[in-house]
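Welcome! Here are some short exercises, each with a worked solution, to help you find your way around a protein model. Take a look at the structure first, then try each task before reading on.

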Amino acid sequence: LKKLMEKYPEKLDISMDDLAAAIHLDAARYCPVDEGTLWNSINVRAEPPKWSIGTKLEYAPYVEYGTPVGTGPGISSAGSGGPFPFMRTGFELNKKRAAEFFVNNLSDL
């Protein structure tokens, strides 16, 4: 696989785009929605060889990891301070698919 990645770096880039899109989709799917601000803020940033999926909203970590009782912002629609691991869930559901996306993109050679 390593030799194939070196030989076809453009296929690796396409595969990483596919993987990032899958993580983004699942993160959005598991994101709790009140007004949709957090959901709409999830983005993919591609700077090969690195891709990042996340949000710059200050309260996102409170949603992801929860807040101790009586501290930090709560989530009105959920009625508690979490945690609601939407980003980690998106990653966990897709982390093993990188090779799958790469192989699928190689099949069109």
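The exercises below go from the whole chain to single residues, and they use a predicted model.

**Exercise 1. Describe the overall make-up of the protein chain: how many helices and strands are there, and in what order do they run?**

Step 1. Count the elements: the protein chain has six helices and two strands.

Step 2. Walk along from the N terminus, and the order reads α-α-α-β-β-α-α-α.

Step 3. Now look at burial: of the 109 residues in the protein chain, 29% are buried.

Step 4. Turn to the surface, where the accessible area is about 7,200 Å² and carbon and sulfur atoms account for 57% of that area.

Step 5. Finish with the contacts between residues at least 6 apart in sequence: 55% of these join residues at least 24 apart.

**Exercise 2. Work out how helix 2 and helix 5 are arranged: which class of angle do they form, and which residues make the contact?**

Step 1. Locate the two elements: helix 2 covers residues 9–30, and helix 5 covers residues 86–94.

Step 2. Take the geometry: the axes lie 7 Å apart and the packing angle is about 135 degrees.

Step 3. Classify the angle. Angles over 145 degrees count as roughly antiparallel and 65 to 115 as roughly perpendicular, so helix 2 and helix 5 are oblique to each other.

Step 4. Add the handedness, which is right-handed for this crossing of helix 2 and helix 5.

Step 5. List the partners. Helix 2 contributes Leu 19, Ala 22, Ile 23, Asp 26, Ala 27 and Tyr 30, while helix 5 contributes Phe 86, Met 87, Thr 89, Gly 90, Phe 91, Leu 93 and Asn 94.

Step 6. Sort the residues of this contact by class: nine are nonpolar, three are polar and one is charged.

**Exercise 3. Decide whether Asp 26 is buried or exposed, and find what it touches.**

Step 1. Place the residue: Asp 26 belongs to helix 2.

Step 2. Compare its relative accessible area with the cut-off. Buried means under 20%, so Asp 26, at 9%, is buried.

Step 3. Look beyond residues up to four places away in sequence, and Asp 26 touches Phe 86, Gly 90, Leu 93 and Asn 94.

Step 4. Check one of these pairs: Asp 26 and Phe 86 are 60 residues apart along the chain, yet their C-alpha atoms are separated by 7.7 Å.

**Exercise 4. Now do the same for helix 2 and helix 6: what is the angle class, and which residues meet?**

Step 1. Find helix 6 at residues 98–106; its axis comes within 8 Å of the axis of helix 2, and the two cross at roughly 130 degrees.

Step 2. Helix 2 and helix 6 are therefore classed as oblique, and their crossing is right-handed.

Step 3. Read off the contact: Lys 11, Leu 12, Ile 14, Ser 15, Asp 18, Leu 19 and Ala 22 of helix 2 meet Ala 98, Phe 101, Phe 102, Asn 105 and Leu 106 of helix 6.

Step 4. By class, this contact of helix 2 with helix 6 holds eight nonpolar, two polar and two charged residues.

**Exercise 5. Classify Asp 18 and Asp 108 by their accessibility.**

Step 1. Asp 18 sits in helix 2, whereas Asp 108 is in the segment after helix 6.

Step 2. Exposed means over 50%, so Asp 108, with a relative accessible area of 52%, is exposed. Asp 18 has 30% and counts as partly exposed.

Step 3. Leaving aside neighbours within four places in sequence, Asp 18 is in contact with Phe 101 and Asn 105.

**Exercise 6. Find the cis peptide bond: which residues does it join?**

Step 1. The bond runs from Pro 48 to Pro 49, with omega near 15 degrees.

Step 2. Pro 49 lies in the loop between strand 1 (43–47) and strand 2 (50–54).

Technical notes:
Residues are numbered from 1 along each chain as its sequence is written. This is a predicted model: local features need pLDDT of at least 70, side-chain atom pairs count only at pLDDT 80 or more; totals for chains, interfaces and linings use all residues. Side-chain values use heavy atoms; hydrogens and water are left out. Helices (H or I, at least four residues) and strands (E, at least two) are DSSP runs, numbered from the N terminus. Buried means under 20% relative accessible area, exposed over 50%, partly exposed in between (1.4 Å probe, protein chains only). Contact means heavy atoms within 4.5 Å. Accessible areas come from the Shrake-Rupley method with a 1.4 Å probe; for residues, only the protein chains shown count as cover. Axes are lines fitted to C-alpha atoms, for helices over the stretch in contact, and angles run from 0 to 180 degrees between N-to-C directions. Angles under 35 degrees count as roughly parallel, over 145 as roughly antiparallel, 65 to 115 as roughly perpendicular and the rest as oblique. A crossing is left-handed if the near helix is turned anticlockwise from the far one by less than a right angle, and right-handed if clockwise. Ala, Val, Leu, Ile, Met, Phe, Trp, Tyr, Cys and Pro count as nonpolar, Asp, Glu, Lys and Arg as charged, and the others, Gly among them, as polar.
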